[in-house]
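Grab a coffee and work through these exercises with the model open beside you. Each one sets a task and then walks through a solution.

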Amino acid sequence: MRRAALALLALVLLGLALYPRVASGYGIRFMLQCFMWIALAQSWNLVSGLTGYVSFGHVAFFGTGAYTAGVLIARHGWPWALACLAGGVGAAGLALLIGYPCLRLRGPYFAIAMLGLNEVMRVCVSYFEGVTGGGLGLSLPTLQASLAIYYAMGLTGALVTLAAHLVVTSRFGLRLMTIREDETAAEALGIPTARYKLAAFLLSAAGPGVVGGLFARDQGYIEPISVFPLATTITMIVMALFGGKGTVWGPVVGAVALFGLEELVWARFLFLHQLLFGAIIVGVVLFVPQGLVGLLRDRFRLPRYV
Amino acid sequence: MSDAAPLLEVRGLVKRFGGVTAVDGASLALAAGRIYGLIGPNGSGKTTLFNCITGIERRDAGEVRLAGRRIDGLAAHRIARLGVGRTFQVIRVFPDLTATENLLAVSWGDEASARRRGRELLGLVGLGRLADEPAGSLSYGQQKLLELARVLMMEPRLILLDEPAAGVNRTLLNDLLDAVRGLRAAGRTVLLVEHDMKVVMAVCEHVFVLDHGETIAEGPPAAIQRNERVIEAYFGR
């Protein structure tokens, strides 16, 4: 069973690696965005799905990564791959700064603090025009690299998912889950919850930082409203919930399913797609709060690595 | 034993909530390897005292020492890692984790031996067959037993049990009491909060009585039952 799953996974990865050879430009762009959503939903899952601390501003890390990488590329001539990694480091740095005070807030207070963080970041980026270009945005030197970015984005999605797998199947992951289940009990039983939350938060910020950098390089132009939209946070949350928060494959399934669906419907019915997304949110929360993968896991008693 | 520092010593502990003084100068001293009871009427400060010892609440005054070392003021998780394990009055298992995972999450050191030990402990409390069930799907009594196994998983020097008999039927109560006696046989030190006198009399060797946050009496259970201050505290003058 496990071997078959691994073989299937290897096959899918091989297929994705070879896909650009046969794909159209649209196909590559479609998959690129799919990878991006996988990485984002999975990163959100790492902190919110496991510890239960719902981050309503995760796009702040995406935007921070985008601007870190963008500025390094445009103003300092860094190679883009390195700049994107620096975007991940920058986002993790922000998480360290913000996580230390904010992770002491419980429940809705944390969610709102994170929402505020995103607004603050957007305003800061708009304000410091000298570095970021402010509201005019930041243009990156032209570069034809969508194939390389396809692979980089795919690798990021895969690495974040690998990280989720390693975390969820370890005692570290179990301890993060105890925070979600009962933080006071966890603390009384010897789990240093503050440190664990911060570690999960840093881990969950790095991926979006790298992805933001790749997004900036791919688009060639970023502005505050394009990399700090609240809608992106909402989308990654919905994807993770739809697939199954706290599971390894839930965010992947959610990202692929919802992004695929969105592309399909959006192209045809511009208005209907908003409605559909809203209906999915309500439906999931009401009927399958544990998500698709969570539902399967509960029903068939599947192990954690699913 | 008498010249060594007590395993746990609480001296003059005070905890206030706004204008209410929940614990008002309580003192206890526990020697290693015995089973102690902490009794007192409802609202006498038993659970608050527990919470102060385990660091869940910050005490306002007083000292707590574990084997001579000050532990008041330390974070709850540090106190737990120093060897103070506890159960809760209201069950607090991790419902989405399996029984085994509940134990693994609080284990440290080598994982393979932790798994082995977890299996043993679940067998010991009679939950061997339910090892892979989510804790939330277990019955009330099974969850109580799981909490006990979980606190043992921490290999604590001192075990604090908060009302183990609350809401438990007679059969399960006997299982729990057997388990507590088993702890003593294994040389562990237990402090049990309970307001069911029968339970206290059945397992404890030494009893502290708390009233209005103060230790008003201590001694062997038989003597405590006859103590006038205790009777007064429970039944009024």
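**Exercise 1. A helix under cover**

How many of the 18 residues of H3(A) are buried? Also check whether the length of this helix fits its residue count.

Solution. A word first: you're looking at a predicted model.
- Step 1. Count the buried positions: 16 of the 18 residues in H3(A) are buried, so mostly covered is the right label for this helix, given that buried takes 20 or more other C-beta atoms within 10 Å.
- Step 2. Work out the length. H3 of chain A covers residues 59-76, and at 1.5 Å a residue its 18 residues should span 26 Å. The C-alpha atoms at its ends sit 25 Å apart, which agrees.
- Step 3. Look at what comes next: Gly77(A) follows H3(A) and has a positive phi, near 65 degrees.

**Exercise 2. The whole of chain A**

Describe the fold of chain A in broad strokes, and say why it counts as being as compact as a globular protein of its length.

Solution.
- Step 1. Tally the secondary structure: chain A has 14 helices and 2 strands.
- Step 2. Compare sizes. For 306 residues the globule rule gives 19 Å, and the radius of gyration of chain A is 19 Å, so the chain is as compact as a globular protein of that length.
- Step 3. Box it in: along the principal axes, the C-alpha atoms of chain A fill roughly 50 × 45 × 40 Å.
- Step 4. Check burial and contacts. Buried residues make up 49% of the 306 in chain A. Take the contacts between residues at least 6 apart in sequence, and 79% of them join residues at least 24 apart.

**Exercise 3. Following H7(A)**

Test the length of H7 in chain A, then find which of its residues are buried and what covers them.

Solution.
- Step 1. H7(A) runs over residues 146-168, which is 23 residues, and at 1.5 Å each they should span 33 Å. The distance between its end C-alpha atoms is 32 Å, which agrees.
- Step 2. Pick out buried positions: among them are Ile149(A), Tyr150(A), Met153(A), Gly157(A), Val160(A) and Ala164(A).
- Step 3. Think about helix geometry: an α-helix has 3.6 residues a turn, so residues three or four places apart point the same way.
- Step 4. Name the cover. It includes H1 (2-22), H2, H4 (80-102), H8, H9 (193-219) and H12 (250-268) of chain A.

**Exercise 4. Where A meets B**

Which helix of chain A gives the most to the side that touches chain B?

Solution.
- Step 1. Size up the contact: 16 residues of chain A are in contact with 20 residues of chain B.
- Step 2. Find the main contributor on the chain A side. That's H8 (residues 171-188), with 11 residues.
- Step 3. Sort this side of chain A by class: 7 residues are nonpolar, 4 polar and 5 charged.
- Step 4. Look across at Pro95(B), which sits in the loop between strand E6 (84-86) and helix H3 (99-105) of chain B. Leaving out residues up to four places away in sequence, Pro95(B) touches Glu181(A), as well as Pro134(B), Ala135(B) and Gly136(B).
- Step 5. Classify Pro95(B): it has 15 C-beta neighbours inside 10 Å, so it counts as partly exposed.

**Exercise 5. The nonpolar core**

Which residues touch the most other members of the largest nonpolar core?

Solution.
- Step 1. This core holds 160 residues, and the ones touching the most other members are Trp37(A), Ala149(B) and Leu192(B).
- Step 2. H2 of chain A (residues 25-51) gives the most to this core, with 13 residues.
- Step 3. On the chain B side, domain 1 (8-83 + 156-235) and domain 2 (94-155) each supply at least three residues to the core.
- Step 4. Zoom in on Trp37(A). Setting aside neighbours within four places in sequence, its contacts are Met236(A), Met239(A), Ala255(A) and Phe259(A).

**Exercise 6. An odd backbone angle**

Is Arg301(A) buried or exposed?

Solution.
- Step 1. Place Arg301(A): it lies in the segment after helix H14 (291-300) of chain A.
- Step 2. Check the backbone. Phi of Arg301(A) is positive, about 50 degrees, although this residue isn't a glycine.
- Step 3. Count neighbours: Arg301(A) has 11 C-beta neighbours inside 10 Å, so it counts as exposed.

How values were computed: Residues numbered from 1 in each chain as written. Chains lettered and ligands numbered in written order. Predicted model: local features only at pLDDT ≥ 70, side-chain atom pairs only at ≥ 80, totals over all residues. Helix = DSSP H or I, 4+ residues; strand = E, 2+ residues; numbered from the N terminus. Rg over C-alpha atoms; globule rule 2.2 N^0.38 Å. Buried ≥ 20, exposed ≤ 12 C-beta atoms within 10 Å, placed from the backbone. Contact = placed C-beta atoms within 7 Å. Nonpolar A, V, L, I, M, F, W, Y, C, P; charged D, E, K, R; others polar. Core = buried A, V, L, I, M, F, W, Y, C linked by C-beta atoms within 7 Å. Domains from an automatic or database assignment. Expected span 1.5 Å × (residues − 1).
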